[in-house]
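Please open the model in your viewer and keep the sequence panel beside it, so that each selection below can be followed in both.

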Amino acid sequence: MFKLSILKITIGDVKKLTKASKTPELVPINYQQNCILFTVDMTCNQEAMSHLRWMLQKDILGQDMFLIGKPGPLRRRLALAYLELTNKSVEFVSLSQDTTEADLKQRREIIGGTAKYINQSAVKAAIEGHVLILDGIEKAERNVLPILNNLLENREIHLEDGRFLVAPKTYDKLLQEHGLEHMIKWNLVRVSEDFFVIALGLPVPTYNGIPLDPPLRSRFQARHIMTPSYAVKNISLNLEKYMEIK
């Protein structure tokens, strides 16, 4: 029988116990050592420490996060470094003007001559307790906003195959009142309590994009990820030279 180990994460005065991922192949690797916010000996500087401590606090509170900043890979690398640190599996969605409901929920595919609905990243993350990263949230079109709003606020999604994702507290209450037989009959699926969302985006209108809808914006706890200071960039250059020599 597969037994999950318990990990203790401590950043400053913030502590959290977390379970090892059931799907280690989906846990990011090497993002801590390759992140510009980490020093040569792989320890974390104060800029990174502040961001990671904030993310750990929001993780403990079960709040969805929005990392906002200038164009570049820093926000994505920071999010993946945090998930590597906390040993969490990730599902990644890069939003664009062409993103549709099917890209977030389910796609219909032909398997063995039969049409089947296949869960996409947002649904897989919600059911299996992974972290969903939404990259380019400012590019989200109006047609996908209702899905994102409902997922973030209520932890609910109606699927094309007839099932309905339900928030864990609501599901547990219904299960206690009506039993498992009725839950299966009603096609209700429990969303994992470990599921949460990290959105990555640019400030609009400073940059091109669609300003976030107020209801969608209110679902997130936002953090401004500033461009690293000269000292941190200098450390990053030294790290690259160190890794080349090594």
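The tour goes from the whole chain to a stretch of low confidence, then to a helix and a hairpin.

Begin with everything selected and coloured by pLDDT, since this is a predicted model; the mean pLDDT of the protein is 85, and 85% of its residues reach 70 or more. Next select residues 38-43, where the pLDDT is below 50, although this stretch has 18 contacts in the model beyond near neighbours in sequence. Where pLDDT is low, the predicted coordinates should not be read in detail.

Switch to a cartoon of the whole protein, whose secondary structure comes to 10 helices and 12 strands. Of its 246 residues, 42% count as buried, and a surface display would show an accessible area of about 13,700 Å², 52% of it belonging to carbon and sulfur atoms. Among contacts with a separation of 6 or more, 71% are between residues 24 or more positions apart.

Now select helix 6, residues 145-154, and show its side chains: Leu-145, Ile-147, Leu-148, Asn-149, Leu-151 and Leu-152 are buried. Moving just past the end of helix 6, select Arg-155, which takes a positive phi of about 55 degrees.

Finally, select strand 5 (residues 106-111) together with strand 6 (residues 114-119), which run antiparallel and are joined by six bridges. Within this pair, Arg-108 stands opposite Tyr-117 of strand 6. What lies between the two strands of this hairpin? Two residues separate strand 5 from strand 6, and in this hairpin Gly-112 takes a positive phi near 60 degrees.

Terms used. Residues are numbered from 1 along each chain as its sequence is written. This is a predicted model: local features need pLDDT of at least 70, side-chain atom pairs count only at pLDDT 80 or more; totals for chains, interfaces and linings use all residues. Side-chain values use heavy atoms; hydrogens and water are left out. pLDDT is the predictor's confidence in each residue, from 0 to 100. Contact means heavy atoms within 4.5 Å. Helices (H or I, at least four residues) and strands (E, at least two) are DSSP runs, numbered from the N terminus. Buried means under 20% relative accessible area, exposed over 50%, partly exposed in between (1.4 Å probe, protein chains only). Accessible areas come from the Shrake-Rupley method with a 1.4 Å probe; for residues, only the protein chains shown count as cover. Two strands pair if DSSP finds at least two bridges between them.
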